[in-house]
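Colleague: Could you take me slowly through one part of this model, and then place that part in the wider picture? I am new to reading structures, so please go step by step.

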Amino acid sequence: MRSVVDRFVSWVGPEIAGPGAAFIAVMIFFSIGSPQFLTGATFGSVAFQLPELGLLTLAMLLPILTGGLNLAITFTANIAGLTVAWVLQQNGGADAGPVAFLLGSLLAIGVGAASGLIMGLVIAYTKAHPILVSLSMMIFLRGLGEFLTRGGDVSGFPAFLQPIGHGSILGLPIPLLILIACVLIWHVLLTRTKLGFGTYMIGSNIEAARYSGINTRKVLVLVYMLSGAMCAIAGIIMLARFNSVRVGHGESYLLITVLACFLGGVNPFGGFGRVIPVFLALVVLQLLSSGLNLMGANQHLATAVWGILLISVMLLRWMSSHFKIFKRKKG
Amino acid sequence: MTDPSGEKADARALLSLRNINMTFGGVKALKNVSFDVMPGEVHCLAGENGSGKSTLIKIITGVYRPASGAVIDYDGQTYSHMSPVTAQNGGIQVIWQDLALFPEMTVAENIAFQTLLGRWPRFVNYGRMRETAIRALKRLGVTLDVDLPLKEFPIAQRQIVAIARALVGEAKIVFMDEPTASLTQSETDHLLDIVRTLSASGVAVVFVSHRLAEVLEISSRLTVLRDGGLVGVYSTEGMTQSRITELMTGRTFDQHVRAQPKDANPVVLEVKNLTRPGQFEDVSFTVRRGETLGITGLLGAGRTELALSLFGMLKPHSGEVVLDGKPVRFSTNREAIEAGVAYLSEDRLSLGLIQPQSIADNLVIASLDGIRTNGLLSDERKRQLVAQWVADLGVKIGKQSDAISTLSGAISSASQSPNGWRPIRNF
């Protein structure tokens with residue numbers, strides 16, 4: 001039994017303890033607090049709301065692991081959504097075919113990756129601070145998007161997009177399946193590839209990583225490109241779910257993604273953190289807001305509770321390292 | 001006791017440790033060690049890498065807590081363990097290898113900031129700080145511009161600043177961890193003078209050094225550790241370098257054996273007229289298989305730049321490098337590593353190793369292709385490979401997943417070899 005647990009922990013990372021405990025606490029609290037909590041409806045709503053925040057969090061995770069940040073994620077997603085919308089409109093708007101959508105999606109991912117490419121190049125070559133670089137990119141994309149849309153909504157998409165935002169396969173929502181696929185890709189990328197290895201090493205000490213033969217510039221550029229591409233996927237899901245694109249949509253997610261990473265045990269200075277604990281942290285955040293909703297709490301109160309949860313996590317983490325309560329004895 | 005004078009010395013020892021035991025993750029770092037320092041003496045703590053010298057210092061300064069049963073007598077008081085605060089207030093000061101100074105702050109601030117801590121009123125009195133700093137430097141017989149930021153000074157002078165800071169802390173005993181490791185000969189001589197000054201003014205100095213010549217020159221007594229155990233305490237009078245080596249290793253060596261000439265071996269590396277203007281000009285040499293070539297020169301003589309040029313991290317302006325008979329021109333260090341060239345940085349702490357990451361990851365970092373199966377990195381392969389290297393190097397580590405910063409300085413140096421799975425050519 002112990003060895004099964006150990007293997008699981010070594011697969012997902014020791015950071016699982018924090019979000020794992022939070023998950024159990026949230027489940028127990030709401031099961032007692034609200035009779036409707038343990039029903040399909042709760043999990044249905046969680047499953048549909050999770051993917052946008054989840055995909056954006058994945059986009060945030062890679063730069064954080066290198067010790068950076070990508071503040072442009074939400075607007076990159078918007079611009080990617082606009083790209084799809086533009087391709088669809090060029091091909092007949094509501095009458096556009098699946099091929100146009102596919103083409104638009106690929107182009108959108110390319111646009112997302114391009115925004116990442118520019119940020120990555122600037123960060124890797126000028127050694128400018130990622131916060132400043134991505135902030136500039138965020139402002140640029142926001143201005144560009146608002147200029148293109150005149151600040152309004154873009155809508156009128158073909159009907160076959162509906163299932164991508166709202167459909168299910170075998171009872172699982174399609175956006176959730178896409179998120180799970182992306183989580184698994186990110187997990188393999190970080191734990192099993194040279195790029196992932198380099199990402200962690202750069203996050204701890206970029207100069208030592210360079211001396212050890214890691215092509216730090218290449219890794220940084222790829223990290224921001226992948227981050228941008230992941231934003232684009234989030235943007236496409238958002239387009240399908242709302243059947244419209246608006247610049248500024250999802251803006252409030254930006255800082256939540258950073259906090260979700262920290263709740264998932266990611267080191268804010270880079271170098272440490274795994275995907276699966278971050279995923280679990282996202283589930284906890286979403287369960288919390290759905291549960292509070294069920295209990296009749298105000299939507300805004302749910303956001304406030306997120307903040308309290310994150311502060312308690314920081315305190316708990318400090319206490320656990322200070323008093324070694326949760327540390328297993330070394331055999 | 002191996003020290004015949006031990007019993008009567010006890011009575012007037014400034015610091016005296018008995019029954020010191022310490023275990024890290026199953027590895028016994030110290031086994032029943034005792035250690036004495038007399039007031040004002042220069043005492044050398046000698047031992048091979050990983051023999052427990054640094055651990056002992058960390059116990060004395062309160063960083064580590066020894067296993068129960070330990071007795072620490074210091075300045076008339078008896079403790080079962082030290083705390084950093086008791087050690088500091090009691091006048092135990094350490095000059096760490098990495099110095100622990102603030103490069104952006106001025107010399108005066110670096111030397112005197114501790115005197116400000118906990119004082120009322122809580123304002124910074126720069127005038128008094130300067131005076132304190134200048135007085136401390138004067139005691140060492142040194143003049144430095146105390147208003148310049150520390151980063152403007154070379155490492156040797158930063159060390160002096162660290163010593164001055166220890167004096168301001170009213171040190172009764174100063175530990176110096178490998179103080180000469182990054183100094184040139186003349187800088188070392190200067191440092192030894194300062195150590196003598198300190199000792200003459202009644203401050204005991206405990207010197208941790210690998211350089212046996214210095215040990216004999218400076219210290220009056222010598223404590224030798226081997227594999228975490230106490231070998232003995234000796235007077236340095238009549239002691240020879242080879243005898244110390246023997247005590248440290250437990251084996252007999254002939255110091256006069258020189259490396260065998262390797263003239264018959266094939267040339268591995270040939271450097272012809274290598275030039276990087278302003279750094280090195282027209283450098284030529286050859287290295288044969290199995291040879292060790294030392295490149296020496298003062299700080300700024302271009303040693304590091306030459307090595308980095310051979311490692312592909314700097315581009316030589318002109319000249320030729322021939323490796324294994326083929327002319328090479330590396331544009332990145334990746335290419336150099338793949339060609340079998342390794343570079344161990346002088347700055348192990350910040351360039352050589354990625355301190356917070358695991359021992360295993362630090363070992364495989366330059367050979368990721370060696371642990372790939374089906375295009376993906378394999379944890380299983382990584383574990384096997386690391387276990388094999390650790391066995392080959394003959395070092396003791398805890399768990400592979402422990403952070404490399406948990407290893408002692410010397411062992412982590414050994415781990416720095418970025419190409420463990422190939423024959424290492426070391427410049």
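**A hairpin and its surroundings**

Modeller: In this predicted model, let us begin with the hairpin of S11(B) and S12(B), where 3 residues lie between the strands and Gly278(B) adopts a positive phi near 85°. The two strands, S11 with residues 267-276 and S12 with residues 280-288 of chain B, pair in the antiparallel sense over 6 bridges, and within this pairing Val271(B) stands opposite Phe285(B) of S12(B). As you look along the strands, it helps to remember that in a regular strand the side chains alternate between the two faces of the sheet.

Chain B also touches chain A, with 21 residues of chain B in contact with 18 residues of chain A. On the chain B side, the elements that give two or more residues are helix H11 (333-338), helix H12 (348-352) and strand S17 (376-377), and the residues of that side divide into 12 nonpolar, 8 polar and 1 charged.

In chain A, helix H3 (residues 40-65) packs with helix H13 (residues 275-294) at an angle of about 140°, their axes being 9 Å apart. H3(A) and H13(A) are therefore oblique to each other, and their crossing is right-handed. Among the residues that make this contact are Leu50(A) and Leu53(A) from H3(A), and Phe279(A) and Leu282(A) from H13(A); the residues of the contact divide into 11 nonpolar, 7 polar and no charged.

As for confidence, chain A averages a pLDDT of 87, and 94% of its residues score at least 70, whereas over residues 325-331 of chain A pLDDT stays under 50. Where pLDDT is low, the predicted coordinates should not be read in detail.

Terms used:
Residues are numbered from 1 along each chain as its sequence is written. Chains are lettered from A and ligands numbered from 1 in the order in which they are written. This is a predicted model: local features need pLDDT of at least 70, side-chain atom pairs count only at pLDDT 80 or more; totals for chains, interfaces and linings use all residues. Two residues are in contact if their C-beta atoms, placed from the backbone, lie within 7 Å. Helices (H or I, at least four residues) and strands (E, at least two) are DSSP runs, numbered from the N terminus. Ala, Val, Leu, Ile, Met, Phe, Trp, Tyr, Cys and Pro count as nonpolar, Asp, Glu, Lys and Arg as charged, and the others, Gly among them, as polar. pLDDT is the predictor's confidence in each residue, from 0 to 100. Two strands pair if DSSP finds at least two bridges between them. Axes are lines fitted to C-alpha atoms, for helices over the stretch in contact, and angles run from 0 to 180 degrees between N-to-C directions. Angles under 35 degrees count as roughly parallel, over 145 as roughly antiparallel, 65 to 115 as roughly perpendicular and the rest as oblique. A crossing is left-handed if the near helix is turned anticlockwise from the far one by less than a right angle, and right-handed if clockwise.
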